[in-house]
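I opened this notebook to keep track of what I looked up, going from the chain as a whole to its helices and then to single side chains. The entries follow the order in which I went through them.

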Amino acid sequence: GPGRESKLYLIDFDIATSLDPNTAMKSSSYGDNFLGTKIFASRNAHRSTVFSKKDDLESLLFTLMYLYEGSLPWESVKCDVRELGKVKAKILKESS
């Protein structure tokens with residue numbers, strides 16, 4: 001309406017894949033190539049394993065944490081992709 005700020009939200013499904021109906025796992029893997037945004041990626045994504053629905057939920061949780069807090073504990077960590085997965089696991093274990 002008049003005087004109200006309008007916002008448009010976009011979601012990028014560029015690396016989305018379908019689930020294998022027999023295993024409930026993502027049907028493709030990217031091998032050693034990391035795709036995505038490191039701070040929001042699931043811990044399995046950092047290990048370059050085949051993803052499941054759990055990984056989607058974990059990434060969503062990281063996104064919601066970011067929106068609520070304004071940052072993530074591992075956001076400023078400077079390391080390679082695999083090491084960042086270990087940092088996330090350690091931080092999450094310590095905070096639970």
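Before turning to the helices I wrote down the cut-off that I rely on below: a residue is buried when its relative accessible area is under 20%, exposed when that area is over 50%, and partly exposed in between. I also noted that what I am reading is a predicted model.

**Entry 1: the second helix**

I began with α2 and asked which of its residues are buried, and I found D55, E58 and F62. These three cover an arc of only 60° around the axis, which puts them on the same side of α2. On the other side of this helix I found L57, L67 and Y68 exposed. What covers the buried residues of α2 includes α1 and α3.

I then looked up the extent of α2, which has 17 residues and reaches 24 Å from its first C-alpha to its last, close to the 24 Å expected at 1.5 Å a residue. The helix is followed by G70, and the phi of G70 is positive, near 90°.

**Entry 2: the chain as a whole**

Stepping back, I counted three helices and two strands in the chain, and reading along the sequence I noted the pattern β-β-α-α-α. Of the 96 residues in the chain, 18% are buried. The chain exposes about 7,400 Å², and carbon and sulfur atoms supply 56% of that area. I also looked up how the contacts are spread: among those with a separation of 6 or more, 41% are between residues 24 or more positions apart.

**Entry 3: the charged side chains around E58**

How many salt bridges does the chain have? I found two. In one of them the side chains of E58 and R43 meet, with 2.8 Å from N to O. E58 lies in helix α2 and R43 in helix α1, which spans residues 43-46, so this pair ties together parts that are 15 residues apart in sequence.

The side chain of E58 also meets that of K54 in a salt bridge, here at 3.7 Å from N to O. E58 and K54 are four residues apart in helix α2, and this separates them by about one helical turn. I therefore recorded R43, K54 and E58 as linked in a network of salt bridges. As a general remark, side chains of opposite charge can pair when their charged atoms come close.

Are the members of this network buried or exposed? I found that E58 is buried, with a relative accessible area of 8%. R43 counts as partly exposed at 26% relative accessibility, and K54 is partly exposed as well, with a relative accessible area of 45%.

**Entry 4: N44 in the first helix**

Next I looked up N44, which lies in helix α1 and counts as buried at 15% relative accessibility. Leaving aside its neighbours within four places in sequence, N44 is in contact with T49, F51, K54 and D55. For one of these, K54, I also noted the spacing of the backbone: the C-alpha atoms of N44 and K54 are separated by 9.5 Å, while the two residues are 10 apart along the chain.

**Entry 5: the third helix**

I went on to α3, which covers residues 81-95, has 15 residues and reaches 21 Å from its first C-alpha to its last, close to the 21 Å expected at 1.5 Å a residue. Its buried residues are L84, G85 and K88. They cover an arc of only 105° around the axis, which puts them on the same side of α3, and they pack against α1 and α2. On the other side of α3, I found K86, K90, K93 and E94 exposed.

**Entry 6: a nonpolar patch**

Which residues form a nonpolar patch on the surface? I found L57, L60, L64 and L67, with about 430 Å² of accessible area together. One of them, L60, lies in helix α2, which spans residues 53-69, and L60 is partly exposed, with a relative accessible area of 45%. Two other members of the patch, L57 and L67, had already come up in my first entry as exposed residues of α2.

Terms used: Residues are numbered from 1 along each chain as its sequence is written. This is a predicted model: local features need pLDDT of at least 70, side-chain atom pairs count only at pLDDT 80 or more; totals for chains, interfaces and linings use all residues. Side-chain values use heavy atoms; hydrogens and water are left out. Patches are made of residues with over 30% relative accessible area and no salt bridge: like charges are joined within 9 Å, nonpolar side chains (Val, Leu, Ile, Met, Phe, Trp, Tyr) within 5 Å. Accessible areas come from the Shrake-Rupley method with a 1.4 Å probe; for residues, only the protein chains shown count as cover. A salt bridge is a side-chain nitrogen of Lys or Arg within 4 Å of a carboxyl oxygen of Asp or Glu. Buried means under 20% relative accessible area, exposed over 50%, partly exposed in between (1.4 Å probe, protein chains only). Contact means heavy atoms within 4.5 Å. The expected span of a helix is 1.5 Å times one less than its number of residues. The arc is that of the directions from the helix axis to the C-beta atoms.
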